[in-house]
Amino acid sequence: MSTGSSFNIQPIGRFSGECASVKRPREFACFSYDDKHEFHLDDRSMQWYYPPRLGADLSKGFDTFDKHDDSGDEHLDSLLRTIMAHEQQTGAKIDAQFVTWRGMMTKLMSAPFEDRDGFEMNATLYQDCIFIEENHEYKQASRQEQQNQQRGRRPQQFSPDVMTFWGYKFEALSCLPRPWGEVSREYIETREDHVVSNKAQYCSVVRTGIGKSILCLGGEVDAIWDSKPAEQGKPINWVELKTSAEIRDERGMANFERKLMKFWIQSFLLGVPKIIVGFRTQDGILAKLEEIKTVTIPETAARRGVRSWDANMCINFASAFLDWLKQAINDEGVWRIRRAPHSHAIEVFRVEETGHGNILPDDFINWRIKL
Ligand code: A3P
Ligand code: MG
Ligand code: MG
């Protein structure tokens with residue numbers, strides 16, 4: 001293992017000030033997983049938002065939850081398949097300097113204000129572009145550790161599995177497979193009884209920019225408000241769905257505002273303009289809906305004097321970190337990007353001297369060689 005280098009997160013004060021330039025994310029491709037989690041190069045799993053009924057029980061159907069088994073490492077495979085198909089269609093390579101899942105960028109961008117959880121990613125340089133995937137072993141291990149910690153705590157009324165289910169149930173209660181006018185009334189009225197599954201997904205693939213870096217990001221979007229504009233690249237009225245505990249006191253308010261940072265970053269990166277929060281009681285009953293415009297989140301945080309995070313600093317940090325990463329990952333092989341929990345720095349070091357590990361599948365490499 002060769003020695004690496006590290007990028008200091010602290011002191012974060014150096015990221016304040018004028019915001020680095022950002023490009024509006026534009027979708028240039030998409031893909032879907034169907035209800036068996038099989039890949040398709042189309043938008044078949046896109047869903048339409050239609051408000052859920054207040055008072056609905058988010059635990060209902062937990063016993064029949066059709067849960068995706070995510071123990072296998074999916075790498076960047078679906079994203080690269082979609083990029084490859086796009087390149088075959090246009091005959092040209094995409095111009096991104098970074099290709100990754102939106103979730104990886106969310107971890108990086110929130111790093112200045114979130115130090116509890118660490119992360120590990122694998123990266124490889126190929127044809128002037130850095131491809132970044134999550135380190136699957138690390139993700140599995142930290143999840144295991146989280147579960148062990150939860151077991152050690154005072155038993156809760158609802159298990160962590162049920163509480164995770166609430167998020168998917170809220171999606172099922174808030175979405176339709178086709179626009180409202182094309183769905184029967186009966187379908188809408190029986191939504192609460194439908195089997196909940198997290199196997200199907202619609203993923204948007206966008207080109208975006210932070211500072212001097214051009215990125216291609218892939219990420220799941222939960223629903224659309226109306227319909228996709230006819231012209232590609234125009235803003236799309238995506239909707240991000242989130243559940244959160246009802247705010248009952250100052251502490252609850254502070255918790256929610258911290259969560260808003262993650263909601264904002266996640267939606268900002270794909271250009272999702274609206275977040276719909278389903279507030280639930282302690283017992284998992286849907287109590288209230290709130291529509292939040294993504295662009296208003298940073299100013300609300302600033303206006304309320306919430307000093308816990310700052311959107312410009314997240315952007316400036318990401319911009320500086322990506323610039324640094326281009327210098328750090330400058331040769332072939334597989335690199336690790338690591339932040340230990342509570343650490344003030346992100347380390348980058350090489351774990352394989354040659355090749356691209358399992359980050360890039362052969363058919364992607366073979367296609368790119370020809371270009
Ligand atoms: P909530 O976000 O309402 O809790 P997303 O909001 O990103 O579309 O994810 C949908 C749901 O997946 C979440 O609903 C949550 O139930 C589950 N989920 C997503 N990321 C998770 C994580 N890191 N740990 C546990 N559950 C997660
Ligand atoms: Mg989602
Ligand atoms: Mg969601």
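Glu240 and Leu241 are both buried, where buried means under 20% relative accessible area, exposed over 50% and partly exposed in between, with a 1.4 Å probe and protein chains only. The structure is a predicted model, in which local features need pLDDT of at least 70, side-chain atom pairs count only at pLDDT 80 or more, and totals for chains, interfaces and linings use all residues. Residues are numbered from 1 along each chain as its sequence is written, chains are lettered from A and ligands numbered from 1 in the order in which they are written, and side-chain values use heavy atoms, with hydrogens and water left out.

Glu240 and Leu241 belong to a metal site. Together with Asp222, they supply the protein donors of the magnesium ion (ligand 3): Asp222 (OD), Glu240 (OE) and Leu241 (O), at 2.0 to 2.2 Å. Donors are N, O and S atoms within 2.8 Å of the metal (3.2 Å for Na, K and Ca); water is not among the atoms, so sites may look incomplete. The spacing of these donor residues in sequence is D-x17-E-L. For the magnesium ion (ligand 2), the protein donors are Glu220 (OE) and Asp222 (OD), at 2.1 to 2.5 Å. Asp222 bridges the magnesium ion (ligand 2) and the magnesium ion (ligand 3), which lie 3.5 Å apart. Asp222 counts as buried, at 6% relative accessibility. Glu220 is partly exposed, with a relative accessible area of 24%.

Asp222, Glu240 and Leu241 also appear around ligand 1. The other residues there are Thr164, Gly167, Tyr168, Glu171, Lys242, Thr243 and Gln266; each has a heavy atom within 4 Å of the molecule. Polar contacts are pairs of N or O atoms within 3.5 Å; within protein, one must be able to donate a hydrogen and the other to accept it, and residues adjacent in sequence count only if both atoms are side-chain atoms. A backbone N or O atom of Thr164 is 2.7 Å from an oxygen atom of ligand 1. For an N or O atom in the side chain of Tyr168, the distance to an oxygen atom of ligand 1 is 3.0 Å. A polar side-chain atom of Glu171 lies 3.3 Å from an oxygen atom of ligand 1.

Helices (H or I, at least four residues) and strands (E, at least two) are DSSP runs, numbered from the N terminus. Two strands pair if DSSP finds at least two bridges between them. An open sheet of 10 strands, with mixed pairing, runs in the order E1-E16-E15-E6-E7-E5-E10-E9-E2-E3. Strand E1 (5-8) and strand E3 (39-40) stand at the edges with a single partner strand each, so one side of each has no neighbour in the sheet. Strand E6 (residues 119-126) pairs with strand E15 (residues 334-339) in the antiparallel sense over 5 bridges. Glu120 stands opposite Arg338 in E15. Helix H6 (residues 250-270) packs on the sheet and touches strands E2 (22-33), E9 (201-210) and E10 (213-220), contact meaning heavy atoms within 4.5 Å. The direction of H6 makes about 85° with that of E9. Axes are lines fitted to C-alpha atoms, for helices over the stretch in contact, and angles run from 0 to 180 degrees between N-to-C directions.

Strand E12 (residues 238-245) pairs with E13 in the parallel sense over 7 bridges. Val239 has Lys274 as its bridge partner in E13. In strand E13 (residues 274-280), 7 of 7 residues are buried. Thr281 lies in the loop between E13 and strand E14 (286-293). At 19% relative accessibility, Thr281 counts as buried.
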